[in-house]
Amino acid sequence: MKEFNGTSFYEYLDESKLMGSRCESCNALYVPPRPLCPSCHGDAMVWEEMSGEGQLMAFTTVHIAPTAMIEAGYGRDNPYCVGIVELAEGPAISAQIVGMDPAKPKSIEIGARLQATYVERGDRSFLGFEPAA
Ligand SMILES: [Zn+2]
C-alpha cells in the first residue's frame, strides 16, 4: 500500500486503480482520498479500491480548455465533456467523460451508467468515465 500523500492517488491511476480513503473511526469514504477525516477529524485512514462503477449526475461541455487539455488536442473545435459521477460506493467525483459525443449533448443522459477508464495524456494516466458495457 502506498503512503497517504498528494501524489499516491495519481500513482494508482497509472496502475488503472481508482482508490479512495476509508476512515476506520467513523467509516466515511473519500474519493479522491483524504489523509484526515473531515467528518470526525481522525487520521486512521486506509486505502480502499473502488469498483469504478458509477452514474452520471451532471455534466458540462468544455470549449474553453485549460492548457493541459489544449495540449491534448481539445478546445473550441474539439470540445470535451466533464461530469460529476456518483460512484457505486457513494462518493461523487468529477472527471472527463469519454465515449459520448460532446457535439450532441442531448445524447448524453443524466443517470447513465458509467465505468472508470484511464485516459493517457503525456506520460500520465488521468481518470475518466465511459458508458458501461
Ligand atoms: Zn472519520
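Strands E1 and E2 run antiparallel to each other and pair over two bridges. Strands here are DSSP runs of E with at least two residues, helices are runs of H or I with at least four, and both are numbered from the N terminus; two strands pair if DSSP finds at least two bridges between them. One of the contacts joins Arg22 to its bridge partner in E2, Leu29. Before going on, note that this is a predicted model, where local features need pLDDT of at least 70, side-chain atom pairs count only at pLDDT 80 or more, and totals for chains, interfaces and linings use all residues. Residues are numbered from 1 along each chain as its sequence is written, and side-chain values use heavy atoms, with hydrogens and water left out.

Back to the strands. E1 and E2 belong to an open, antiparallel sheet of three strands in the order E2-E1-E3. E2 and E3 are the edge strands with a single partner each, so one side of each has no neighbour in the sheet.

Now for the metal. The zinc ion has four protein donors, Cys23 (SG), Cys26 (SG), Cys37 (SG) and Cys40 (SG), at 2.3 to 2.4 Å. Donors are N, O and S atoms within 2.8 Å of the metal (3.2 Å for Na, K and Ca), and since water is not among the atoms, sites may look incomplete. Along the chain, the zinc donors are spaced C-x2-C-x10-C-x2-C. Cys23 sits in strand E1 (residues 19–23) and Cys40 in the loop between strand E2 (29–30) and E3, so this pair ties together parts 17 residues apart in sequence. What arrangement do the four donor atoms around the zinc ion make? It is tetrahedral, because the angles they subtend are 102 to 116 degrees, and four donors earn that label if all angles lie between 85 and 135 degrees.

Are Cys23 and Cys40 buried or exposed? Cys23 is buried at 0% relative accessible area, while Cys40 is partly exposed at 33%. The cut-offs are under 20% for buried, over 50% for exposed and in between for partly exposed, with a 1.4 Å probe and protein chains only.

The loops hold some backbone oddities. Most residues other than glycine have a negative phi, and most peptide bonds are trans. Asn27, in the loop between E1 and E2, has a positive phi near 75 degrees and is exposed at 51% relative accessibility. His41, in the loop between E2 and E3, has a positive phi near 65 degrees and is exposed at 66%. Pro32 lies in the loop between E2 and E3, and the peptide bond joining Val31 to Pro32 is cis, with omega about -5 degrees.

On to the aromatics. There are three aromatic pairs, counting rings of Phe, Tyr and Trp (its six-membered ring) with centres within 6.5 Å; planes under 30 degrees apart are stacked, over 60 edge-to-face and the rest tilted. Tyr12 and Trp47 form an edge-to-face pair, because their planes are at 70 degrees, with ring centres 4.9 Å apart. This pair links helix H1 (residues 8–14), home of Tyr12, to strand E3 (residues 45–49), home of Trp47, 35 residues apart. Tyr12 is buried at 4%, and so is Trp47 at 10%.

Finally, there's a closed barrel: five strands in the order E4-E5-E6-E8-E7, with mixed pairing. Within the barrel, E5 (residues 80–87) and E6 (residues 92–97) pair antiparallel over six bridges, and Cys81 has Ile97 in E6 as its bridge partner.

Terms used
Tetrahedral: all angles 85-135°; square planar, octahedral: opposite > 155°, others 65-115°.
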